[in-house]
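Notebook open, structure loaded. I'll jot down what I look up as I go.

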Amino acid sequence: MKLVALLFLIVSFRFGHCKRRNIVLVLTDDQDIELQGMTPMKKTQALIGDAGVTFTNAFVVTPLCCPSRSAILTGKYPHNHLVRNNSLSGNCSSVQWQKVMEPQVFSVYLKKHGYKTFFAGKYLNQVGNSKYYNYTLSVNGTAEKHGDSYQNDYLTDLIANRSVEFLQSKKPHDPFFMMLSTPACHSPWTIAPRYSKSYNFTKAPRHGSFNVHGKDKHWLLRQAKTPMKNTSIDFLDSVFRKRWQTLLSVDDLVEKVVKKLEEVKELNNTYIFYTSDHGYHTGQFSLPIDKRQLYEFDIRVPLLVRGPGIKPKQIIKEPILNIDLAPTFLNIAGYDVMQSMDGTSFLPLMDSSQNKTHWRNDFLVEYTGEGDAKLDPACPNVGPGVAECFPDCVCEDAFNNTYACVRTLSKVNLQYCEFADSESFVEVYNLTSDPHQLVNIAKTVDPSLLVKMNQRLIKLESCSGNDCRTVKVEEDGCDS
């Protein structure tokens with residue numbers, strides 16, 4: 001498959017006469033928060049988090065690139081935007097997606113309100129991918145090939161430079177939206193030369209569920225080898241270091257953009273959002289490296305925001321989802337509630353001048369597993385129907401790694417998950433007493449709680465629009 005990075009600029013008409021707020025979204029790829037993924041982002045934390053708000057409970061509604069990015073663009077859960085995985089057959093940027101869902105993405109509405117929109121980097125997996133060199137850009141529909149020269153081609157730096165050029169060339173007083181979607185910290189983890197010696201002795205964290213066998217979990221977790229082989233540990237430690245090293249270039253990107261915004265006198269009129277498309281794991285439950293799992297390390301993400309009306313150094317604990325980004329952007333642009341979106345604007349949580357709103361205390365996480373129909377000759381013992389079996393033939397995905405979960409954040413933090421498999425497997429965790437999800441309490445918890453959570457899951461799996469935004473007011477107890 002040809003990998004094409006995407007860079008396009010859409011110019012739209014000016015709307016109205018009032019000065020409206022600008023919006024910048026920096027979206028990284030595979031950046032976790034649970035495994036200290038923000039450690040390299042010193043400038044980002046100072047320039048966005050310390051200057052605004054840090055959300056400590058930010059989640060994605062599905063832990064894989066294309067479905068998650070589709071959720072960001074549309075403000076919809078996967079069961080409504082219908083992107084199941086990263087393939088065309090899974091509806092990732094398919095013809096059907098382009099006809100039905102793409103006209104509903106938030107940037108279309110921003111254009112209608114007179115915003116100039118700029119996108120650079122990875123869009124959806126079938127239109128751009130995480131390559132750092134040797135890619136082709138689509139610049140307003142014109143192909144632009146790039147090679148392997150660091151000065152001219154390193155994609156993270158190129159995104160930063162083109163962003164600065166856009167800010168320099170834009171007309172004063174025209175509102176704009178910029179989405180900067182970096183390849184970092186996705187594989188192949190190509191490091192900028194200036195950071196090749198950074199974090200050279202760093203290893204993946206060994207706490208929590210690291211190298212712990214998932215004996216009471218779904219069969220995919222049970223097949224992992226515990227203790228992990230030394231080759232697996234060496235591999236994941238190397239990946240962990242490279243991920244941090246690639247993020248240092250993203251930190252520079254954030255600094256460049258903030259400085260340019262200040263230079264062109266737009267910083268005080270601009271909301272800047274920083275987040276990731278999902279989390280990641282390196283050795284948790286003896287799974288070497290990947291995402292796709294229901295656990296906190298794969299579904300939690302960083303989320304920092306600064307902007308007009310946002311007081312500095314705020315910490316907000318309300319659960320924010322990636323489907324909330326689109327309605328928040330549109331709220332900033334002057335739109336009321338978008339009835340077609342499942343998410344909710346969280347602008348009122350950040351801006352003290354806004355009317356406060358009741359907020360959710362639970363949400364849905366859903367994922368459709370992928371597998372290969374044929375045996376992998378490199379791993380003849382794992383059978384068909386699995387995928388991502390590396391290193392050492394430990395598989396990270398399968399056709400029946402298909403699940404839906406209710407995650408609650410209230411007096412007791414719970415996660416209830418059902419798998420679509422032959423076992424009808426259920427996992428339940430009390431994250432108040434077991435934050436690393438080490439013990440599946442499905443067989444010991446009060447059965448009435450299982451019934452209640454199942455009923456809530458059924459409602460969320462079929463929700464659309466306002467039904468998804470309805471606040472669940474009751475608090476769930478947990479006796480196990």
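Which residues in helix 7 meet which residues in helix 9? I listed the contacts, where contact means heavy atoms within 4.5 Å. From helix 7 I got T156, D157, I159, A160, N161, S163, V164, L167 and Q168. They meet S249, V250, L253, K256, V257, K260, L261 and E263 in helix 9. I sorted the residues of this contact by type and found eight nonpolar, five polar and four charged. For that sorting, Ala, Val, Leu, Ile, Met, Phe, Trp, Tyr, Cys and Pro count as nonpolar, Asp, Glu, Lys and Arg as charged, and the others, Gly among them, as polar.

Before going on, a note to self: this is a predicted model, where local features need pLDDT of at least 70, side-chain atom pairs count only at pLDDT 80 or more, and totals for chains, interfaces and linings use all residues. Residues are numbered from 1 along each chain as its sequence is written, and side-chain values use heavy atoms, with hydrogens and water left out.

**Helix 7 and helix 9, continued**

Two packed helices are described by the angle between their axes and the distance between the axes. Helices here are DSSP runs of H or I with at least four residues, strands are runs of E with at least two, and both are numbered from the N terminus. Helix 7 covers residues 155-169 and helix 9 covers residues 230-263. I read off an angle of about 5° between them, with the axes 9 Å apart. So helix 7 is roughly parallel to helix 9. The axes are lines fitted to C-alpha atoms, for helices over the stretch in contact, and the angles run from 0 to 180 degrees between N-to-C directions. Angles under 35 degrees count as roughly parallel, over 145 as roughly antiparallel, 65 to 115 as roughly perpendicular and the rest as oblique.

**Helix 2**

How many residues of helix 2 are buried? I counted ten of its ten residues, 65-74, so to speak the whole list from C65 and C66 through to L73 and T74. Buried means under 20% relative accessible area, exposed over 50%, partly exposed in between (1.4 Å probe, protein chains only). I then looked at what these buried residues pack against: strand 2, helix 3, helix 4, helix 5, strand 8 and helix 11. Just after the helix, G75 takes a positive phi of about 70°.

**Disulfides**

I searched the whole structure and got five disulfides, each a pair of cysteine sulfur atoms within 2.5 Å. With the bonded cysteines numbered in sequence order, the pairing reads 1-2, 3-5, 4-6, 7-8, 9-10.

C66 and C92 are one pair, with sulfur atoms 2.1 Å apart. The torsion about their S-S bond is about 95°, so I noted the disulfide as right-handed. C66 is in helix 2 and C92 in the loop between helix 3 and helix 4, 26 residues apart. C66 is buried at 0% relative accessibility, and C92 is buried at 0% too.

C379 and C393 are another pair, S to S 2.1 Å. Here the torsion is about -85°, so this disulfide is left-handed. C379 is in the loop between strand 15 and strand 16, and C393 in the loop between strand 16 and strand 17.

Why is C65 not bonded to its closest cysteine? Its sulfur is 8.3 Å from that of C66, which is too far for a bond. For C185, the closest cysteine sulfur is in C65, 10 Å away, again too far. C65 and C185 are both buried.

**Strands 18, 19 and 20**

Strand 18 (residues 403-408) and strand 19 run antiparallel, joined by six bridges. Strands pair if DSSP finds at least two bridges between them. A hairpin through five residues connects the two. C405 in strand 18 and C417 in strand 19 are twelve residues apart, and they form a disulfide with sulfur atoms 2.1 Å apart.

On to strand 20 (residues 426-430), which runs antiparallel to strand 19 with five bridges. I followed Y416 across: V406 is its bridge partner in strand 18, and V428 in strand 20. The hairpin of strand 19 and strand 20 has six residues between the strands, and S424 there takes a positive phi near 50°.

Is strand 19 enclosed or open? Five of its six residues (414-419) are buried, so strand 19 is largely enclosed by the rest of the structure.
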